[in-house]
Amino acid sequence: MRAFVVAVTFVAAAACVAPPSEREGESEEIATDDAALFGSGLVEVTGFGRNPGALRMFEHVPANLPPNPAVVVVLHGCTTNALHIAGTGWNQLADQRGFIVVYPQQSYWNNGAYCFNWANPMGFGDDDAKRGGGESESIREMTAHALRRHRGDAERVYVAGFSAGAAMAVDLAAAYPDVYAAAASFAGVPYGCASTLPESVSCMMPGIERSPSEHARRVKAAFPSYTGRRPRISIWHGALDNVVFPKNQRELTKQWTELHGVGAEPSIVDEVDGHPHAVWLDDDDQKVVETYRVEGMWHGFPVDPASGCGLVGPYAFAHGICGARRAFEFFERGASR
């Protein structure tokens with residue numbers, strides 16, 4: 001299985017070090033419960049196009065879809081599936097704001113812990129992190145299918161993910177900047193962080209420090225001929241994350257501020273819902289990079305059931321801020337490319 005050892009590292013770390021208070025509701029069952037999926041407002045889509053990564057596609061389409069809707073691709077983390085990540089508020093938000101959500105889903109045969117293969121350190125099979133390779137190409141095909149089928153707005157295509165799904169979301173932003181206008185990483189790592197097994201482990205714990213220019217070089221190498229605008233990015237991390245260490249937020253920020261040419265110091269520093277927030281503006285005063293540090297959160301995705309945003313579940317924790325809503329607002333505020 002591709003990147004299986006890396007997957008086990010993600011899962012073992014999450015299982016062993018997450019505190020009991022934030023493991024309540026964690027699923028003991030890794031396998032997908034199709035009955036639950038099909039009763040959740042998710043619809044499986046087959047025949048969406050080429051599928052070299054052998055992934056499944058689910059989607060949520062609001063009943064009253066407006067013309068030319070946005071398309072948001074949302075990627076789950078290890079040991080979870082499309083149903084779990086949908087429970088972090090994305091379906092509710094799609095119904096309120098009128099956009100399509102695409103949920104790629106990993107399979108056991110690709111990865112025994114259901115992680116997206118964000119790196120390929122063992123050298124097996126397609127390089128899923130690169131343009132045209134394996135899983136990333138399957139997800140691009142799903143995105144294109146959703147745009148065609150629902151007459152979506154090609155200028156408003158976004159990708160978000162948690163943990164291994166966040167790493168894959170960053171892969172997609174790097175390899176397909178002509179497809180995705182913006183991305184959101186929840187507990188993710190920089191693009192090109194790892195190319196060997198030891199690097200994969202070090203990338204997550206404690207994080208690998210590189211210069212901004214070296215980080216940026218790795219992204220540019222994913223699509224060398226590309227000269228257009230880079231996707232904007234919202235970067236989230238739990239302040240107490242001990243699976244994907246918070247150092248990765250700093251490294252990921254260095255990578256994308258360098259790509260956008262906005263310098264190391266943020267334009268705005270404030271708090272949102274009680275959590276530290278920083279924004280980098282470009283010369284047109286567009287928000288191109290933002291960061292959130294979720295205080296008190298370990299390895300997880302922030303939900304806010306009190307405001308109607310998601311439910312507490314596997315790696316989904318209530319910290320008074322809605323990650324899905326804030327990420328989508330960031331996506332839409334700079335929708336024109």
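**Two strands and their neighbours**

Okay, let's start with one pair: isoleucine 268 sits across from valine 279 in β9. Keep in mind that this is a predicted model.

So where does that pair belong? Strand β8, residues 268-272, runs antiparallel to β9, and five bridges join the two. They make a hairpin with two residues between the strands. In that turn, aspartate 273 has a positive phi of about 50 degrees.

On the other side of the story, β9 also goes antiparallel with strand β10, residues 287-294, again through five bridges. Here the facing pair I'd point you to is alanine 278 and threonine 291 in β10. This is a hairpin too, with five residues between the strands, and aspartate 285 in the turn has a positive phi of about 60 degrees. As for β9 itself, residues 275-281, six of its seven residues are buried, leaving the strand mostly covered.

Now over to β3, residues 71-75. How many of its residues are buried? Five of the five, so the strand is largely enclosed by the rest of the structure. In a regular strand, side chains alternate between the two faces of the sheet. In β3, Val71, Val73 and Leu75 point one way, Val72 and Val74 point the other way, and all are buried.

And the partners of β3? Three bridges join β3 to strand β4, residues 100-105, running parallel. Strand β5, residues 157-162, is also parallel to β3, with five bridges. Valine 72 is a handy residue to click on: it stands opposite valine 101 in β4, and opposite tyrosine 158 in β5.

Methods: Residues are numbered from 1 along each chain as its sequence is written. This is a predicted model: local features need pLDDT of at least 70, side-chain atom pairs count only at pLDDT 80 or more; totals for chains, interfaces and linings use all residues. Side-chain values use heavy atoms; hydrogens and water are left out. Buried means under 20% relative accessible area, exposed over 50%, partly exposed in between (1.4 Å probe, protein chains only). Helices (H or I, at least four residues) and strands (E, at least two) are DSSP runs, numbered from the N terminus. Two strands pair if DSSP finds at least two bridges between them.
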